[in-house]
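I am opening a notebook on a structure I have not looked at before. The entries below follow the order in which I looked things up.

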Amino acid sequence: MKTENHTGVREFIFQGFTSFHEHKLTLFVVFLTLYLLTLSGNVIIVTIISIDRHLHTPMYFFLTMLSTSETLYTLVIVPRMLSSLVGLSQPISLAGCATQMFFFITLAINNCFLLTAMGYDRYVAICNPLRYMIIMNKRVCAQLVWGACSIGLFVATIQISSVFRLPFCYRKVAHYFCDIRPVMKLSCVNTAIHDIINFLVSSLVIVVPMVLVFISYILIISTILKIASAEGRKKAFATCASHLTVVIVHYGCASVAYLKPKSENMRDQDQLISVTYTVFTPLLNPVVYTLRNKEVKDALCRAIGKKPLASNL
């Protein structure tokens, strides 16, 4: 009888934002606006970097990869979330849920390690500037991007195999997408071992790249402080400010979401945290790199035929 019950669940239903039912239309407008801004911002970044030869450097190559990854990341999650807010949500099959979770995990981990690669790039640029183009050659850049993607694919494959091997007795996912914890809660069996494995994997893919980035920045800051001129120090800090802002917010949200203790009665809080890293954080990348980055702003001015904000001396 148990086996029959286990095999009875063929699809899941997202509960979505049931606690915010009276505000669904407001949430839809806000999230749709942020989503469109994220897509347009990332498209602008990728386009500008592609057409402007001044931006054909390792730093902007990594930024292009990050913008592309963030765009795909939001495409996996946000459209279905928006449809659920206007009452168009449809059940998702086990295969569909596994596919969404696979791409979500792959791209989320890819983003973490791309930020690590960008931190290493800034470390080489500031701490070893004379050998920068030798160290950060095209082959190395491609290997770093491939490594980030490979880690994401490997971890996602392991996680999906583990989660969807479980028997499921319940259909209602207490979330707006197929995340690991909410889906495992639908299992008929005790998932304590899976929870521990999930926590260990999350710790590795969040803490390791985060530690590597902060080690890079400790070395960067120590090098910057040795620069004699105040103008030189200011310029060096400016080149890192955008990346460091994205790093702090990205790893901060990921740490709160996946490294905090498992909550039983805090679904609303968990959903708000999830909204932060699926809707707000992806927008941070294009905003920070367009509004705070002088080179990108100058490239935008050149693209639309205006004089750059300041002439390059």
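**Entry 1: the sheet**

I began with the strands: three of them form an open sheet in the order β2-β1-β3, with mixed pairing. The edges are β2 (92-93) and β3 (172-173), each of which pairs on one side only. I note at once that this is a predicted model.

I then looked up the pairings one by one. Strand β1 (residues 11-14) and β3 run parallel and are joined by two bridges. Phe-14 has Val-173 as its bridge partner in β3, and Ile-13 has Lys-172 there. On the other side, β1 and β2 run antiparallel, again with two bridges. In β2, Ser-93 is the bridge partner of Glu-11.

Which residues of β1 lie on its covered face, and which on the uncovered one? I found Phe-12 and Phe-14 on the covered face, and Glu-11 and Ile-13 on the uncovered face. For background, I wrote down that side chains in a regular strand alternate between the two faces of the sheet.

**Entry 2: salt bridges**

How many salt bridges does the structure hold? I count two.

One of them pairs Glu-11 with Arg-171, with the closest N and O atoms 2.9 Å apart. Glu-11 belongs to strand β1 and Arg-171 to the loop between α6 (138-163) and β3, so this pair ties together parts that lie 160 residues apart in sequence. Glu-11 counts as partly exposed because its relative accessibility is 31%. Arg-171, at 36% relative accessibility, also counts as partly exposed.

I turned next to Asp-121 and Arg-122, whose side chains meet in a salt bridge at 2.8 Å, N to O. Are these two residues buried or exposed? Asp-121 is buried, with a relative accessible area of 1%. Arg-122 counts as buried too, at 9% relative accessibility. I keep a general reminder here: side chains of opposite charge can pair when their charged atoms come close.

**Entry 3: Gly-152 and Val-205**

I picked two residues in helices and looked up their surroundings. Gly-152 lies in helix α6. Gly-152 is buried, and its relative accessible area is 0%. Leaving aside residues up to four places away in sequence, Gly-152 touches Thr-106 and Ile-109.

Val-205 has its place in helix α8 (residues 192-224). Val-205 is buried as well, with a relative accessible area of 11%; the cut-off for buried is under 20%. What does Val-205 touch, not counting residues up to four places away in sequence? I listed Ile-109, Cys-112, Phe-113 and Val-155. Ile-109 thus appears among the contacts of Gly-152 and among those of Val-205.

I also checked C-alpha to C-alpha distances. Val-205 and Gly-152 are 53 residues apart in sequence and 8.8 Å apart in space. For Gly-152 and Asn-285 the separation is 133 residues in sequence and 20 Å in space.

**Entry 4: the whole chain**

Stepping back, I find 11 helices and three strands in the chain. Along the sequence the pattern reads α-β-α-α-β-α-α-α-β-α-α-α-α-α.

How does the radius of gyration of the chain stand against that of a compact globule? A compact globule of 313 residues would have a value near 20 Å, and the chain has 21 Å, which agrees. The C-alpha trace spans about 75 × 40 × 30 Å along its principal axes.

Of the 313 residues, 46% count as buried. The chain exposes about 15,900 Å², and carbon and sulfur atoms supply 68% of that area. Taking contacts between residues at least 6 apart in sequence, I note that 76% join residues at least 24 apart.

**Entry 5: confidence**

My last check was on the prediction itself. The chain averages a pLDDT of 83, and 91% of the residues score at least 70. Which elements have the lowest and the highest mean pLDDT? Helix α1 (residues 2-6) has the lowest, 43, and α6 the highest, 93. Over residues 1-7 the pLDDT is below 50, and this stretch has five contacts in the model beyond near neighbours in sequence. Where pLDDT is low, the predicted coordinates should not be read in detail.

Conventions
Residues are numbered from 1 along each chain as its sequence is written. This is a predicted model: local features need pLDDT of at least 70, side-chain atom pairs count only at pLDDT 80 or more; totals for chains, interfaces and linings use all residues. Side-chain values use heavy atoms; hydrogens and water are left out. Two strands pair if DSSP finds at least two bridges between them. Helices (H or I, at least four residues) and strands (E, at least two) are DSSP runs, numbered from the N terminus. A salt bridge is a side-chain nitrogen of Lys or Arg within 4 Å of a carboxyl oxygen of Asp or Glu. Buried means under 20% relative accessible area, exposed over 50%, partly exposed in between (1.4 Å probe, protein chains only). pLDDT is the predictor's confidence in each residue, from 0 to 100. Contact means heavy atoms within 4.5 Å. The radius of gyration is taken over C-alpha atoms; the globule rule is 2.2 Å times the number of residues to the power 0.38. Accessible areas come from the Shrake-Rupley method with a 1.4 Å probe; for residues, only the protein chains shown count as cover.
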